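Here's an informal walk through one structure: its empty spaces, then its helix packing, then a couple of backbone oddities. Have the viewer open as you read.

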Amino acid sequence: MKIRIRKQFIIIALLAIVLCQVGCNGKKQQEQTNSTIQAETTEATETKTTESTETESTKITQTTQEFEIVLSNNNSWEQDGKKCAQLDGFIKNHTDVAAKDWKVTVTVPSGSKIQNSWNGNYNLNGTTLVITPVDYNKEVAAKGEVPFGFIIETPSDYNPTQVVLDLAGKQYRPGDKNDVATKEETSTQEKTEQGTNEETSNEEATTEIAAAQNEAGNAVAKHGALSVKGTNIVDKNGQVFQLQGVSTHGINWFPEYVNKDAFSDLSKYGVNAIRLAMYTADYNGYCSGGNQGELENIIDNGVKACTELGMYVIVDWHILNDNDPNQNKDSAKTFFDKMSKKYAGQDNVIYEICNEPNGGTTWESVKAYAEEIIPVIRKNDKDALIIVGTPTWSQDVDIASKNPIKNQENILYAVHFYAATHQENIRNKVETAISNGIPVIVSESNISEASGNGSLNYDEGNKWMDLIDKYHLSCFAWSLGNKDETSSFLKSSVTKTSGFSKDDFSDAGKWYLEQYSK
């Protein structure tokens, strides 16, 4: 989800500015938080380094709280006469010890309704909303953080003012301060070295991109219709093939990025597939008031653009707010019957029938839905790849692997990851699923937090790429657009919708394009 977070720094004391023969080469991590309610904190790391001459260093010492709670209204709109808002937050642990079983209590206006939520269990009783963790985020790691968020419908405009975090036997509110001291060190020497390293990296990336462009050109002509063999996707020659893709954001909201020139720009970096994400039950979704004819036209434009460029394309039934795909099963049947009739003769079209089942939806429920939707597609297109989402926002591929869909071919099971949140525990699920013999596809991912915003975790992203390479998995990155969030492929300042240079891409976008260019 989609917010930029700005962190306010309070400098308690400026201890020293020194010139020294032995310099510091510290890495300073900064996060920016755009938050209506915000605790005043800072975090930094201190490391020792090698020799340098005339290095200028600055040390800052600051007192912060043990745990930080932030919740902010980052997007508001009207729907059917009601006020809607997206609230995003995080809990941050500034201590050296992990803490478990957090609880956040939020006071909301009377008559409010929760439309959607993520990264927690949400219980609304009157004006009191209680948020508790799900299995994968019960623990707030030492020096780590847990994101969460929800979409709320209220009778009037809403900004949260009463928020309480219960953790480690204490209560914390936005703005609380206590006794954890942190230090921050920077050096002009380090900045110079980082700039030089970045220039070298850009030169190397240019060479890699040239090679990738040669390989990515008209991938469909080279590899033809794809199929599943064992746990791998293979091409027309039976050779293992990996889709390297980028997903659009919701075409309901960002249709302007569904264009041939934009897709062509991405293909120059090794991208050989595009995922067209069409929300179903969220604002202006296909099943929630959106113009279905216009949405189908956007999909058709996307498929045509990919076809002309020789790229593969996923038609994504992007369930999210509807939780269980069975809620709009009849609409899904009609939609996929229409799509599979239209594109039955094309080798490049892939169908994703349920993006992220969530809200306690079981694999049994998802499987029952899939067993009704798959035959609708197969009636028109007997061979196309079909992706089936898995419970808990497409993380439970291990559960699906214990009871897979029977008597169907060319079926893939979706896992999604956001590397700053989803780490070894989700990778273990992938390993289990593959060892149980089912083919897995990463149909959505980023190196941001699960909210789509917040910090980027390159180390965990690299671990995910190691797993993807190990098992020859296909991978799609979220998302093509300039929305003001860290998972967007473009910087928020970039207003053009094609003709992108490398400088137009965000840090996350550059990281993925460098991975795809290798």
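The lining of the second largest pocket splits into seven nonpolar, 14 polar and three charged residues. In that count Ala, Val, Leu, Ile, Met, Phe, Trp, Tyr, Cys and Pro are nonpolar, Asp, Glu, Lys and Arg are charged, and the others, Gly among them, are polar. Keep in mind that this is a predicted model, where local features need pLDDT of at least 70 and side-chain atom pairs count only at pLDDT 80 or more, while totals for chains, interfaces and linings use all residues. Residues are numbered from 1 along each chain as its sequence is written, and side-chain values use heavy atoms, with hydrogens and water left out.

Back to that pocket. Its volume is about 520 Å³, and 24 residues line it, with Asn121, Val134, Gly359, Gly360 and Trp393 nearest the centre. Two or more lining residues come from each of β7, β8 (121–125), α7 (391–394) and α9 (424–435). The largest share is from β7, at four residues. The element names follow DSSP runs numbered from the N terminus: helices are H or I with at least four residues, strands are E with at least two.

A quick word on what counts as a space. The search runs on a 1 Å grid over the protein atoms alone: a cavity is a set of points where a 1.4 Å probe fits but cannot get out, a pocket is an open set with protein on both sides within 12 Å along at least five of seven lines, and lining residues have an atom within 4 Å of a point. Grid points are joined across faces, edges and corners, and a volume is the space filled by probe spheres set on the points.

As for closed spaces, the structure has three cavities of 30 Å³ or more. The largest holds about 250 Å³ of space. Its lining has 22 residues, and those nearest the centre are Glu356, Trp393, Tyr418, Glu444 and Ala450. The elements with two or more residues in this lining are β7 (113–118) and β22 (411–418), and β7 gives the most, with three. By class, the lining has nine nonpolar, ten polar and three charged residues. Trp393 is worth a click, as it is among the residues nearest the centre of the largest cavity and also among those nearest the centre of the second largest pocket.

The second largest cavity holds about 50 Å³. Around it sit Thr231, Asn232, Ile233, Leu412, Pro439, Val440, Ile441, Tyr471, His472, Leu473 and Ser474. Here β16 (232–234) and β23 (440–446) are the elements that give two or more residues. Seven of the lining residues are nonpolar, four are polar and none is charged.

Now the helices. Axes are lines fitted to C-alpha atoms over the stretch in contact, and angles run from 0 to 180 degrees between N-to-C directions. Angles under 35 degrees count as roughly parallel, over 145 as roughly antiparallel, 65 to 115 as roughly perpendicular and the rest as oblique.

| Helix pair | Axis distance | Crossing angle |
|---|---|---|
| α3 (260–267) and α4 (292–309) | within 9 Å | roughly 45° |
| α5 (329–342) and α6 (363–380) | within 8 Å | roughly 25° |
| α4 and α5 | 12 Å | about 30° |

How do α4 and α5 run relative to each other? Their angle makes them roughly parallel, and α4 passes α5 in a right-handed crossing (the near helix is turned clockwise from the far one by less than a right angle; anticlockwise would be left-handed). In this contact (heavy atoms within 4.5 Å), Glu296, Ile299 and Asp300 of α4 meet Phe335, Lys338, Met339 and Lys342 of α5. That gives three nonpolar, no polar and four charged residues.

The crossing of α3 and α4 is right-handed too. Lys260, Phe263 and Ser264 from α3 touch Gly302, Ala305, Cys306, Glu308 and Leu309 from α4, a set with four nonpolar, two polar and two charged residues.

The α5 and α6 crossing is likewise right-handed. Six nonpolar, two polar and six charged residues make up this contact.

Finally, the backbone. Most residues other than glycine have a negative phi, and most peptide bonds are trans. Asparagine 284 has a positive phi of about 60° although it is not a glycine, and it lies in the loop between β18 (273–279) and α4. The peptide bond from tryptophan 478 to serine 479 is cis, with omega near -5°, and serine 479 lies in strand β24 (475–480).
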